[in-house]
Each structure stands twice: as C-alpha cells, then as structure tokens.
Amino acid sequence: MGGHIVASFDEELGAIDRLIREMGDLAQDMVSSATKSLLDNDVGLAQRVISDDLSMDDKQRQIDERAITLIAKRQPMAQDLRAVVGAIRMASDLERIGDLAKNISKRVNAVGSGVMQRKLSHSIDTMAGLVRAQLAGVIDNYVGRNADALVTLRADDEKIDVHYTAVFRELLTYMMEDPRNITPCTHLLFCAKNLERIGDHATNIAENAYYMMVGKQLPVHRPKIDETSISGDPR
Amino acid sequence: MTNIAKSENTDMNMSSGPFVDVANTPKQQRAPKARVTAQNVNVFYGQKQALFDVCVDVPDRSVIAFIGPSGCGKSTFLRCLNRMNDTIEGCRVEGDIKLDGQDVYDPKIDVVELRARVGMVFQKPNPFPKSIFENVAYGPKIHGLATNKTELEEIVVTSLRKASLFEEVKDRLHEPGTGLSGGQQQRLCIARAIAVSPEVILMDEPCSALDPIATAKIEELIDELRANYTIAIVTHSMQQAARVSQRTAFFHLGLLVEEGPTETIFTAPNDKRTQDYVTGRFG
Amino acid sequence: MTDLSQNASPTDGSQARLKRIRAGLGKRHAREKRFRLYGIVAIAAALTFVAILFAMILSKGLPAFQQATLTVPVTFSQELIDLEPRPVRESGQSAADFRAADLRWQRDVTLVNWNRVVEDAVRSLAPGSEISSRDLQSLIDSAERFKLRDAFVANPNLLGQTVDMQLLASANADNWLKGNINRDLPDSQQQLSAPARALADELYADGNIRMAFAWHIFTNTDSRSAPASAGLAGAFMGSLYMMMVVIVLAVPIGVASAIYLEEFAPKNRLTDIIEVNINNLAAVPSIVFGLLGAAVFINYFRLPLSAPIVGGLVLTLMTLPTIIIATRSSLRAVPPSLRQAALGLGASKTQTVFHHVLPVTYPGILTATIIGVAQALGETAPLLLIGMNAFVASVPGSPFDQSTALPVQIYLWQGNENRNFFEARTSAAIIVLLALMISLNAIAIFLRSRLERRR
C-alpha cells in the first residue's frame with residue numbers, strides 16, 4: 001500500500017503506532033515485574049513498577065493528543081480512521097493494564113513474605129504466566145498485523161478466567177482454615193483479580209486491533225465464564 | 001498498516017455472517033427501492049470513452065453521492081441522468097438508464113419533460129439575472145404548472161420555504177437574484193429546481209464554490225429534502241459525501257469501482273482503490 | 001540553483017542569487033517604464049490629432065452659424081403690389097372655381113416685382129446712396145424676396161403697411177463683412193462692386209446689418225442660386241430616412257441570423273463557409289456595396305434613383321456583417337452556466353435563447369447596432385453611386401422621394417465654387433454630422449449602462 005499523498009500524514013500515523021508499541025512493551029514489562037515482585041517479595045522492583053506507571057500515563061496522554069490533532073487536521077477516513085480510533089482505545093486499555101500492574105505492586109508489602117505467599121506462588125505464577133503470554137501475543141500480533149491470530153488469542157482469555165476461579169477457591173479455603181490468613185489472602189485475591197482484569201484488557205486490545213485491521217467488529221458475545229460471582233457451587 | 005489489504009475482505013452480502021452485528025446495521029443498508037436504474041452505461045466523447053459499463057441504482061428518497069478524482073466520469077454520469085450531455089457535441093451514450101422503469105434515452109421521450117422530472121443544480125450558483133421571484137417562478141411558468149397568479153405565488157413561496165431561503169428573502173422577492181450571497185444563490189437555484197416538483201434532483205458539486213457555513217446550510221437542506229426527493233450528488237469533498245449521503249459510488253478512470261452504503265465506503269471499503277482514494281493515498 | 005548551492009554555503013548561495021536577481025532588476029524596471037512611456041506617447045499623439053481636428057473644424061465651422069442679416073423696414077406699397085384682394089369663397093361658388101381663382105391670385109402675387117420691394121426697403125436705409133439696382137440687389141440673398149412674398153400670401157392685410165423684416169445678406173456680402181475675402185484685392189478680383197462694398201460697410205457700421213444665428217441652416221434645403229440661405233434640412237431628413245431603413249432591416253435580420261448561426265446551426269462545413277463569408281463581407285470596401293446597390297436595386301428592381309430607400313438598403317447590406325459579428329461575439333460571451341440553468345429546468349432551446357440568453361446580450365447588440373448605424377450614417381462612397389449626390393432642393397416626404405444625405409451634402413459643399421463662403425459651411429455641416437454621431441453614441445452608452453444596471 002502506498003503512502004499518503006501528504007507525507008506528514010504517514011509520519012503522524014507512524015508516531016501514534018510507535019507510541020502504542022512502546023506502551024505495549026512497557027505494559028508487558030510492568031506485568032512481569034509486578035508478578036515477580038509479588039512472588040519474590042521484591043519491594044524495590046515493586047517500586048519501579050509504580051514509577052513506570054507514570055510514564056505509562058504520560059504516553060497515553062500523548063497518544064490522545066496526537067490522535068485528536070490528527071483527526072482535526074487530516075479527517076482520516078477508512079483504515080486511517082480505524083487506526084486512530086483504535087489507537088485511542090488501545091492506549092486506554094494499556095493504561096488500565098499499567099494501573100492494574102501498579103496496584104499489584106502496591107500490595108507487595110501488605111502480602112509480605114509469609115507462608116501463604118509461598119503456598120500460593122505456584123497457582124498465581126501460572127495465572128500470571130498465562131496473562132503475560134496473552135498480552136505478549138496480542139501486542140506481537142498487533143505489531144505484526146496478524147488479524148486471524150488475534151481471533152484465536154481472544155478465545156484464550158477463557159483459560160485465564162478458569163485459572164482465576166481456581167485461585168479464588170484456593171484462597172477461600174485458606175481463609176476458612178485460619179482467620180489470620182484473611183488479610184494477606186484478601187490482598188492476594190485482589191492481585192489475582194487484577195491479573196484477570198489485565199487479561200480482559202488484553203482481549204479488548206485484540207478486539208480493537210482486529211477492527212483496526214479488518215474493518216469489522218468481532219461479535220460482542222464471547223464465551224465468558226466467571227464462576228466467582230456465584231459464591232458456592234458453580235453450575 | 002500494510003497488512004490490512006492482505007487480510008481477507010469479507011464480501012458485502014455477508015450481513016448474516018458471523019462477524020456482523022445485525023442490530024447495528026444501518027437501515028439504509030437494506031436494499032432500497034430504486035428510482036433510477038443504470039445498466040451498462042457507456043459514454044463516449046467522440047472517440048474517447050468516458051464511462052465503461054456503469055451500473056448504478058439511485059434509491060428512492062435518499063441521497064446517493066458520486067465521488068472520485070477529477071475526470072473520473074462522475075459528472076458525466078450525473079449528466080446522463082437528465083440528458084444534459086445532449087448539449088455537448090459528439091457525446092454518445094449507450095446502455096440503459098431508466099427513470100421509474102422508463103428508458104430515458106428512448107427517442108420517444110421528450111427531453112423537456114424529462115428535465116422537468118429530473119432537476120439539476122450546478123457547481124456554480126447560476127441564478128437568472130432576474131428577480132428572486134422570477135427565478136423560482138420560471139420553471140412552473142414554462143411548464144404551465146400554475147393556472148393563475150395566486151397559484152404561482154404559492155409555488156414560489158413553498159419552494160423558497162423548502163429551500164430554507166424564504167425567511168431571508170421574503171422582503172426582497174423582487175430584487176435581482178444575483179444580488180444574494182453565494183450560498184443564498186445556490187439555495188435559490190435549489191428552490192428554482194424544486195419549484196417544478198421534480199422526482200429526482202441532480203446536484204453537480206453544489207458546494208464547491210461556497211464557504212463552509214453556506215456549505216453546511218446546503219448540506220442541512222439536502223438532508224431535509226431527502227424526505228421527499230431522490231437526490232444524486234457529485235462532490236469532491238469526501239467528508240461531504242460522508243455527511244449527506246446514504247449510499248456512495250466511487251468512480252475511477254470511467255469505471256464504477258465500488259458502490260455501497262456510505263458508512264462502509266468511508267470506514268471499511270472493499271476495494272483497494274476506494275480505500276486508497278478515501279484515505280488520501282491516490283496517485 | 002544547483003551550482004549555487006554546490007559551491008557555496010547556503011547564505012553565500014542566497015547572497016549570490018540575490019545579486020543575480022538585482023543585476024537584472026534595473027533592466028526589468030527600465031523596460032516597464034519604457035513600455036508605459038510608449039503607451040502614454042501613443043495616447044498623447046492620438047489625443048493631439050483629435051484635438052487638432054476638432055479645433056480646425058470648430059474654428060472654421062462655428063462662424064458659419066452666424067450670418068450677416070439685414071434688418072429693414074419693408075413697405076408693402078400699393079404701387080408695387082397692384083393686386084385684387086385675395087379671393088374669398090362666395091356662396092354658390094364651386095370648390096374648383098374657388099381654387100382656380102385662388103391659384104390665379106397666387107400667381108399674380110408671384111409676378112409682383114418683389115426685387116423692387118426689397119430694393120426700396122434697402123434704399124430707405126441709405127437715402128443718399130447713388131448705388132445701382134444691380135449692385136444693391138447683390139447685397140441681399142436672392143431667395144429673400146420669396147420671404148416677402150410668403151409673408152404677404154400668409155397675411156394679405158400687410159398691403160400698404162411697413163414692417164421690420166430680417167433679410168439675409170448674400171453670400172458675397174457675408175464674405176466681405178466677415179473678412180473671408182481679402183479687402184485689399186483690386187476691384188476686378190472682388191466679388192462685389194465698389195459701391196456695394198461701401199454700402200455693406202455703411203449698413204454694418206449703422207448696425208442695420210448684424211451677425212445673427214443662422215437657423216436656416218437647419219430649416220432650409222440646399223440652394224445654388226441663393227447660397228446664403230442653403231441649409232441641411234433635406235440632407236438631414238434623407239439621412240434620417242436611411243437610418244430608419246437600416247435600423248428596421250439590419251437589426252432584425254442581423255440579430256436573427258447571428259442567433260441562428262450561434263445557437264441553432266449545426267457546426268459543419270457549410271456554416272463554416274457562411275461564417276468566413278460574413279467576416280469577408282465586413283471587409284468589403286463600401287463603394288462596392290454602392291455598385292451592387294446601383295446594379296440590383298436600381299437597375300433590376302427599378303427602385304427610384306437618389307432615394308433614401310435605396311441608400312438605406314445599401315447601407316443595410318454594409319451594416320449587416322457588423323451587427324452579425326458583434327451579436328455573435330456577445331452571444332458567445334454569455335456564460336454557459338446560464339444556458340445550463342435554463343436547459344436544466346426543462347426550458348426548450350428557443351425558450352433558453354429568448355428568455356435568458358438574448359436579454360443578457362441586449363447591451364452588446366445595442367452597441368453593435370449603434371456603431372453600425374453610426375458607421376452607415378457617415379458613409380458617402382456607396383451613396384454617390386446610387387445618385388444621392390444629385391442636387392435636391394426639397395425636403396423628402398418619404399423614403400421614396402429624391403434626397404441627399406449629410407455626408408454627401410458635405411461632399412457637395414466642399415466642391416462648391418464659392419469657396420470663401422462654403423468652406424465654413426462645409427465645416428458647419430461636419431459639426432452637425434459629428435454632433436449627430438456623438439449623440440448617437442451617447443444614447444448607446446446611456447442605454448447600455450441602464451440595461452446593465454437592470455441586471
């Protein structure tokens with residue numbers, strides 16, 4: 001596909017795309033660092049994640065400004081319009097991912113390095129791994145403009161949800177065993193919930209990237225299993 | 001962004017397919033009743049062919065926009081619909097153009113009658129160098145649409161009202177139409193066209209000589225007129241096509257490249273040429 | 001550009017470029033000034049010539065409007081006018097009888113020695129003069145006795161009365177008094193005899209002869225026997241009739257053919273030939289049209305010689321191409337958007353032309369017409385060939401009567417043997433002709449601006 005007649009239009013679109021990629025890389029990094037700091041009880045790393053979020057917010061604002069300026073100046077049409085609108089949406093998803101990673105990092109102190117943490121590290125780690133893979137896949141496929149892969153990736157979100165349900169039940173069990181566990185477990189529960197939310201945002205990004213590339217919306221209803229809302233028996 | 005074109009373009013009639021939300025599909029996307037149908041229209045200027053096998057339906061009571069780069073044949077096609085091309089020496093039209101099922105190029109059809117049914121508004125506002133009243137009254141007068149003076153006055157006032165011009169000119173109906181501003185002149189031309197109650201109104205770049213405010217007024221007017229008239233508009237402004245039309249046809253080098261609901265053409269067109277044109281990547 | 005940027009830093013490059021531009025600048029400005037100067041000189045030259053022309057014509061022609069006029073007490077004496085009273089129709093008398101009696105009386109009036117009445121009147125102003133009858137008569141225009149006769153016929157009660165009347169001095173007396181003839185010339189070369197000159201001077205000194213405005217230039221026709229009373233009325237009417245014929249024929253025909261050629265005619269070889277020939281017709285020398293008129297209208301159609309109708313027809317032929325060409329160009333200047341607007345509304349071709357295109361071209365057509373008519377008004381050559389240079393001493397009553405025309409009258413007067421008198425007269429006629437043309441143009445400008453404002 002040839003460039004625009006107005007070359008600076010291409011440059012402006014390129015700058016927005018580059019920012020999205022940077023945010024994607026940063027988001028991946030923050031998510032891995034946050035889980036790592038949680039599992040290793042690494043307060044220093046947690047602190048770095050918290051400060052990274054500032055840069056994340058800044059990048060999102062930049063994208064918003066550039067996108068709005070571009071719409072005002074160029075009145076983009078068709079794929080360009082989708083690219084700009086998609087970038088705004090993806091940036092806000094990525095920014096939310098950054099927030100959630102920061103939230104996990106903030107809980108590192110509260111969870112502490114107790115027994116609970118070691119007992120759970122395996123299941124949380126697995127879940128975090130899935131979320132990281134999901135996020136990395138979405139970002140890679142966005143960068144590589146691979147629309148079909150995005151459709152498959154979206155379906156993978158289900159696995160994260162399943163894992164989250166498992167972690168939820170496990171934590172419930174611990175809390176019932178010993179009320180002293182309630183505080184760290186609640187924090188861990190939030191962390192797990194945050195990871196699950198990160199997965200959801202990744203899915204959103206996948207949907208937006210798909211629309212951006214193909215020009216069609218993916219169907220809204222996707223199979224989603226959240227059994228935690230039913231406290232007790234799953235159906 | 002280079003991969004978008006590679007990604008498979010789903011066909012238009014996939015509206016029942018898995019990826020289209022039926023509830024969100026705009027009303028206009030459902031095939032409307034056609035008022036004017038054009039089948040395999042070929043136009044020649046002397047030896048040079050200007051249009052190749054164009055097939056378009058102009059749907060009833062809606063706006064269809066013809067877009068495309070200069071010299072793509074969109075104006076030529078528009079002028080085929082009321083046979084304004086007849087006045088151009090050496091212009092030859094082949095194919096079927098039907099207005100309500102009646103062949104427009106039938107030798108039995110009277111051009112004068114056809115043009116009373118298919119009105120036209122031109123690129124440059126071209127009011128007659130006469131009074132505002134006479135400008136609007138001229139069409140009804142020559143076609144004998146008014147039997148007496150009161151009726152004629154009624155037609156003029158209604159037409160000016162429909163063209164949202166009456167309030168601005170009611171105190172100076174007998175002043176020359178050429179004394180109005182560009183935008184008012186163009187609305188006067190629209191009033192003049194609708195005074196003969198045409199079924200179809202053709203507009204050839206009606207806003208290209210106007211400032212943005214006047215353009216907005218004309219666009220608003222086109223939107224209102226849509227309720228009663230079938231409108232075909234040629235425009236160079238893609239934003240305008242996107243704003244005023246329900247369907248859009250993209251012409252390129254004498255070919256009709258793509259025709260479809262305006263939303264589709266401007267957000268996710270099927271043809272690469274359309275995509276390149278609407279995004280500003282042409283040439 | 002490239003060599004500059006290669007061998008120097010950007011600022012040096014731009015400096016060098018500026019230098020180059022400046023080097024040429026002086027030349028460019030000089031050329032511009034020179035061209036403006038040419039224009040001004042050309043216009044000044046044209047204006048000078050026009051001014052000289054007008055100055056010459058006015059200085060020569062204006063004095064002709066003042067003519068020496070003698071105011072004398074005329075006595076309609078019983079002795080000289082020995083007549084019955086004018087017959088009155090008696091009861092029982094037939095109309096024919098009465099007319100015969102009246103004509104007889106009028107003939108008798110004509111037979112009265114009016115010269116004698118004039119002579120007596122003039123003598124009464126210079127009682128001591130020994131001047132001979134002949135010399136005295138030579139001071140008064142020979143047509144003036146008819147003035148007395150006409151006054152008497154109009155009012156027979158004048159018999160026996162004395163009234164003050166204005167009598168035109170003769171052309172020769174006028175020349176002498178105005179100094180148009182050298183006063184130092186010997187008697188043999190003078191137009192008037194010595195006693196006549198002396199009497200003229202005496203009357204002028206006494207104030208009996210004054211310079212009065214010569215209204216008769218506009219009311220009298222040409223005259224050879226009484227040059228002082230010669231006027232332009234016949235020529236003026238002749239020209240007027242011709243203009244009427246031209247306007248009535250050339251405008252509709254010209255405009256109609258222009259409209260047809262421009263709007264309706266198919267563009268093919270035939271119309272191309274017609275177009276070329278119309279343009280050729282405009283370039284044909286006018287005298288050729290005169291030949292054509294003589295051959296066709298007079299020899300073939302047997303139209304009367306020297307008649308304004310024939311002159312008008314010839315001038316129509318001459319004016320047609322002008323009107324056609326100008327009308328076509330003004331039709332071509334009508335923006336196509338106007339035609340499209342009308343056609344798009346469903347107006348037929350004819351309606352489009354007559355309702356919208358033609359009204360816009362009115363000013364253009366009007367200008368073309370007036371220019372064409374003015375051109376025809378000044379045309380002399382073709383009229384000479386159809387006999388309009390004949391001497392006609394009556395005002396034509398219709399376009400079929402014999403007549404002359406203003407430019408031809410100028411030509412005739414220019415050739416008159418009484419140079420001293422007619423040189424001024426010619427210029428006076430030229431002034432009248434020019435005034436007519438200027439007023440025609442003024443009307444054109446006025447109508448044009450009015451038509452254009454209405455749009």
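This text walks through a helix in chain A, a strand in chain B and the contacts of chain C. The model is predicted, not experimental.

Start in chain A with helix α2, residues 43–74. This helix has 32 residues. From its first C-alpha to its last it reaches 46 Å, close to the 46 Å expected at 1.5 Å a residue. Several residues of α2(A) are buried. Toward the start of the list come A:A46, A:V49, A:D52 and A:D53. Then come A:M56, A:K59, A:Q60 and A:I63, followed by A:A67 and A:L70. The list includes A:D52, A:D53 and A:K59 as well as A:V49 and A:I63. What covers these buried residues? The cover includes α1 (7–40), α3 (78–106) and α4 (108–111) of chain A. Just after α2(A), A:Q75 takes a positive phi of about 40 degrees.

Now move to chain B and strand β9, residues 247–252. Six of its six residues are buried, so the strand is largely enclosed by the rest of the structure. Both faces are covered. B:R247, B:A249 and B:F251 lie on one side. B:T248, B:F250 and B:H252 lie on the other.

Next, look at the strands that pair with β9(B). Strand β3 of chain B, residues 63–67, pairs with β9(B) in the parallel sense over four bridges. Here B:I67 stands opposite B:F250. Strand β10 of chain B, residues 255–261, runs antiparallel to β9(B), and six bridges join the two. In this pairing B:F251 stands opposite B:L256. β9(B) and β10(B) form a hairpin with two residues between them. In the turn, B:L253 has a positive phi of about 50 degrees.

Chain C comes last. Its domain 1 covers 2–62, domain 2 covers 65–224 and domain 3 covers 233–454. The C-alpha centres of domain 2 and domain 3 of chain C lie 43 Å apart. Their contact takes 14 residues from domain 2 and twelve residues from domain 3. On the domain 2 side, α7 (171–178) and α9 (216–219) of chain C each supply at least two residues. That side divides into five nonpolar, six polar and three charged residues.

Chain C also touches chain B. Here 15 residues of chain C are in contact with 20 residues of chain B. Which elements of chain C give two or more residues to this side? They are α14 (336–344) and α15 (349–377). α14(C) gives the most, with six residues. By class, the chain C side has six nonpolar, seven polar and two charged residues.

Notes: Residues are numbered from 1 along each chain as its sequence is written. Chains are lettered from A and ligands numbered from 1 in the order in which they are written. This is a predicted model: local features need pLDDT of at least 70, side-chain atom pairs count only at pLDDT 80 or more; totals for chains, interfaces and linings use all residues. Two residues are in contact if their C-beta atoms, placed from the backbone, lie within 7 Å. Ala, Val, Leu, Ile, Met, Phe, Trp, Tyr, Cys and Pro count as nonpolar, Asp, Glu, Lys and Arg as charged, and the others, Gly among them, as polar. Domain bounds come from an automatic or database domain assignment. The expected span of a helix is 1.5 Å times one less than its number of residues. A residue is buried if 20 or more other C-beta atoms lie within 10 Å of its own, exposed if 12 or fewer, and partly exposed in between; C-beta atoms are placed from the backbone. Two strands pair if DSSP finds at least two bridges between them.
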